[in-house]
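Open the model in your viewer and keep the sequence panel beside it. This tour goes one selection at a time.

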Amino acid sequence: MTVGVIMMVAGETEFSALGFFLIISASFFSGFRWALTQILLLRNPSTSNPFSSLFFLAPIMFVVLAIIAIPVEGFGPLGEGLRILVAEKGGVFGICILLFPGVLAFCMTSSEFALLQRTSVVTLSICGIFKEVITITTANLVFHDPLTPINVSGLIVTIGSIASYNYIKITKMRKQAREDVELMPDGAVGAREAVLGSDDGDAEIRAQVPRSEMNGVVDQALFKKTDERS
């Protein structure tokens, strides 16, 4: 997957050591941030769901961004940009333009927090790589950004790597779910046989067990394993 990502962006005419260092640092701190966020979601009762986590983290993020943005941008340019936006788009529509990206960011962050609560940081990183694949593909289809054969090969390698990761992950989770079902008490033998099958009369047993019970057994085992892994 790493090779595929490198191939996707191959062809840059100029290499900047400072830019490379900043990108690597940003990737490291992004993963570190998600790891800490997952700890908050799973181990702190006050931040046990995405929205309560945002309730505590959003003010901190706003203050940090304001401390950085105000000295760099200054109040003058910020006020001038807002005045131009309101003058060209109107007061109501201009405010809506400002709020709409914030709503999208809120929904995206909530989704990422919910994903972190149910899976690992690695899975979230894989989703981020898939987002880059969509961005590059869209740029080529909509804005006609050129892609070399190496870039296209990188896209194919990356998509194949993502598909392989998901296949291996799902296969492992299903295997673990079956192992957990094997340890179920004898009272749930019908559901256990429905999931695992048996040597004698397994078709008849599966026919007698409702599909909802079968799905419930597997889902319970999967969620149990996810919580233990987290």
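In which helix is S27 found? Select S27 and look: the residue is found in helix α2. Keep in mind throughout that this is a predicted model.

**Stop 1: S27**

Stay on S27 for a moment. S27 has 48% relative accessibility, so the residue counts as partly exposed. The cut-off for exposed is over 50%, and for buried under 20%. Now add S125 to the selection. S125 is 98 residues away from S27 along the chain. The C-alpha atoms of S27 and S125 are separated by 9.8 Å.

**Stop 2: the whole chain**

Zoom out and colour by secondary structure. How many helices and strands does the chain have? The count is ten helices and zero strands. Read along the sequence, the pattern is α-α-α-α-α-α-α-α-α-α.

Next, colour by accessibility. The chain has 230 residues, and buried residues make up 22% of them. Then think about contacts. Take those between residues at least 6 apart in sequence. Of these, 62% join residues at least 24 apart.

**Stop 3: helix α2 against helix α5**

Select residues 17-43, which form helix α2. Add residues 91-118, which form helix α5. The two helices pack at an angle of about 70°. Their axes are 9 Å apart. Angles of 65 to 115 degrees count as roughly perpendicular, and α2 and α5 are therefore roughly perpendicular to each other.

Show side chains at the contact. From α2, pick W34, T37, Q38, L41 and L42. From α5, pick E112, F113, L116 and Q117. By class, this contact of α2 with α5 has five nonpolar, three polar and one charged residues.

**Stop 4: Q117**

Stay in α5 and centre on Q117. Is Q117 buried or exposed? The relative accessible area of Q117 is 17%, so Q117 is buried. Buried here means under 20%.

Now list what Q117 touches, leaving out residues up to four places away in sequence. You should find L41, L42, S48, N49 and P50. Then draw a distance from Q117 to Q38, C-alpha to C-alpha. The separation is 6.4 Å, although the two residues are 79 residues apart along the chain.

**Stop 5: S110**

Move to S110, also found in helix α5. S110 is buried, with a relative accessible area of 8%. Which residues does S110 touch, not counting residues up to four places away in sequence? They are P50, F51 and L54. P50 is also among the residues that Q117 touches.

**Stop 6: the cysteines C96 and C107**

Select C96 and C107. C96 has a relative accessible area of 40%, so C96 is partly exposed. C107 counts as partly exposed too, because its relative accessibility is 43%. How many disulfides does a search of the whole structure find? The search finds zero.

**Stop 7: helix α6 against helix α7**

Select residues 121-142 for helix α6 and residues 149-182 for helix α7. Their axes come within 11 Å. The axes cross at roughly 150°. Angles over 145 degrees count as roughly antiparallel, and α6 and α7 are therefore roughly antiparallel to each other. Their crossing is left-handed.

Show the side chains where the helices meet. From α6, take V122, T123, I126, I129, F130, V133, I136 and T137. From α7, take L155, T158, I159, I162, Y165 and K169. By class, the contact of α6 with α7 has ten nonpolar, three polar and one charged residues.

**Stop 8: H144**

Where does H144 lie? Follow the chain into the loop between α6 and α7, and H144 is there. H144 is exposed, with a relative accessible area of 63%. Check the backbone as well. Phi of H144 is near 60°, a positive value in a residue other than glycine.

**Stop 9: G4**

Finish at G4, found in helix α1, residues 2-8. The relative accessible area of G4 is 0%, so G4 is buried. Which residues does G4 touch, not counting residues up to four places away in sequence? Select G154, V157 and T158. Now draw the C-alpha distance from G4 to T158: 4.7 Å. In sequence, G4 and T158 are 154 residues apart. You have met T158 already, in the contact of α7 with α6.

Terms used: Residues are numbered from 1 along each chain as its sequence is written. This is a predicted model: local features need pLDDT of at least 70, side-chain atom pairs count only at pLDDT 80 or more; totals for chains, interfaces and linings use all residues. Side-chain values use heavy atoms; hydrogens and water are left out. Axes are lines fitted to C-alpha atoms, for helices over the stretch in contact, and angles run from 0 to 180 degrees between N-to-C directions. Helices (H or I, at least four residues) and strands (E, at least two) are DSSP runs, numbered from the N terminus. Angles under 35 degrees count as roughly parallel, over 145 as roughly antiparallel, 65 to 115 as roughly perpendicular and the rest as oblique. A crossing is left-handed if the near helix is turned anticlockwise from the far one by less than a right angle, and right-handed if clockwise. Contact means heavy atoms within 4.5 Å. Ala, Val, Leu, Ile, Met, Phe, Trp, Tyr, Cys and Pro count as nonpolar, Asp, Glu, Lys and Arg as charged, and the others, Gly among them, as polar. Buried means under 20% relative accessible area, exposed over 50%, partly exposed in between (1.4 Å probe, protein chains only). A disulfide is a pair of cysteine sulfur atoms within 2.5 Å.
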